[in-house]
Amino acid sequence: VQLQASGGGLVQPGGSLRLSCAASGSISSINAMGWYRQAPGKQRELVASITSGGSTNYADSVKGRSTISRDNAENTVYLQMNSLKPEDTAVYYCNAVLFTHGSSLLKGYWGQGTQVTVSS
């Protein structure tokens, strides 16, 4: 199973970015997908998550400024971030909790991370 994240970059304060993450491989079904971030010197933290049924959860720091969505047919999760602030600067990682074919174990997988830098 591989998770390929894209969409990071340099953006000015107040700007927007859309991150994408596509899961591929021997996937039977995906339970939850989400985005985490890790700033220098800080622990990785949850940004937003979404279940297969569409229920969402957001960190207080991004609530109202970000929207997580997913395309179940394409095994892809998106994170639209608006009104970006310098404190949003971090490496963003996507995560998927899923079943692989032939397994009854629910396992978590991580993408490679994409850098988001908010600076003027």
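## Strand pairing and the four-stranded sheet

Two strands are said to pair if DSSP finds at least two bridges between them. In this predicted model, β7 and β8 run antiparallel and are joined by six bridges, so that the pair meets the criterion of at least two. Within the ladder formed by these strands, Ser 66 stands opposite Met 81, a residue of β8.

The pair belongs to an open sheet of four strands, whose order is β1-β3-β8-β7 and whose pairing is antiparallel. The edges of the sheet are formed by β1, covering residues 2–6, and by β7, covering residues 66–71, each of which pairs on one side only. On average, and with direction ignored, neighbouring strands of this sheet are turned by 15 degrees against each other.

## The chain as a whole

The secondary structure of the chain consists of 11 strands and zero helices, and reading along the sequence therefore gives the pattern β-β-β-β-β-β-β-β-β-β-β. The radius of gyration is 14 Å, close to the 14 Å that the globule rule gives for 120 residues, so the chain is as compact as a globular protein of that length. Taken along the principal axes, the box filled by the C-alpha atoms is roughly 50 × 25 × 20 Å.

Of the 120 residues, 40% count as buried. When contacts between residues at least 6 apart in sequence are considered, 56% of them join residues at least 24 apart.

## The disulfide between β3 and β9

A search of the whole structure finds one disulfide, which joins Cys 21 to Cys 94 with an S to S distance of 2.0 Å. Cys 21 lies in strand β3 (residues 17–24) and Cys 94 in strand β9 (residues 90–100), so the pair ties together parts of the chain that are 73 residues apart in sequence. The torsion about the S-S bond is about 50 degrees, so the disulfide is right-handed.

Both cysteines are enclosed by the protein as judged by accessibility: Cys 21 counts as buried because its relative accessibility is 0%, and Cys 94 is likewise buried, with a relative accessible area of 0%.

## Thr 76 and the approach to β8

The loop between β7 and β8 contains Asn 75, a residue other than glycine whose phi is nevertheless positive, near 50 degrees. At 23% relative accessibility, Asn 75 counts as partly exposed.

Thr 76 has its place in strand β8 and, at 8% relative accessibility, counts as buried. A polar atom of the side chain of Thr 76 lies 2.9 Å from the backbone oxygen of Glu 74. When residues up to four places away in sequence are not counted, Thr 76 touches Cys 21, Ala 22, Met 33, Ser 69, Arg 70 and Asp 71; one of these, Cys 21, is a partner in the disulfide to Cys 94.

## The loop between β8 and β9

Several residues of interest lie in the loop between β8 and β9, among them Ser 83, Glu 87 and Asp 88. Ser 83 has a positive phi of about 50 degrees although it is not a glycine, and is partly exposed, with a relative accessible area of 42%. Glu 87 is exposed, since its relative accessible area of 54% is over the 50% cut-off. The C-alpha atoms of Glu 87 and Val 118 are separated by 7.6 Å, although these residues are 31 residues apart along the chain.

Asp 88, in contrast to the exposed Glu 87, is buried, with a relative accessible area of 2%. The side chain of Asp 88 makes a polar contact of 2.8 Å with the side chain of Arg 65, and also reaches the backbone nitrogen of Lys 85 at 2.8 Å. Apart from residues up to four places away in sequence, Asp 88 touches Arg 37, Val 62, Arg 65, Ser 83, Val 116 and Val 118. Among these neighbours, Arg 65 is the partner in the side-chain polar contact, and Ser 83 lies, like Asp 88, in the loop between β8 and β9.

How values were computed. Residues are numbered from 1 along each chain as its sequence is written. This is a predicted model: local features need pLDDT of at least 70, side-chain atom pairs count only at pLDDT 80 or more; totals for chains, interfaces and linings use all residues. Side-chain values use heavy atoms; hydrogens and water are left out. A disulfide is a pair of cysteine sulfur atoms within 2.5 Å. Buried means under 20% relative accessible area, exposed over 50%, partly exposed in between (1.4 Å probe, protein chains only). A polar contact is a pair of N or O atoms within 3.5 Å; within protein, one must be able to donate a hydrogen and the other to accept it, and residues adjacent in sequence count only if both atoms are side-chain atoms. Contact means heavy atoms within 4.5 Å. Axes are lines fitted to C-alpha atoms, for helices over the stretch in contact, and angles run from 0 to 180 degrees between N-to-C directions. The radius of gyration is taken over C-alpha atoms; the globule rule is 2.2 Å times the number of residues to the power 0.38.
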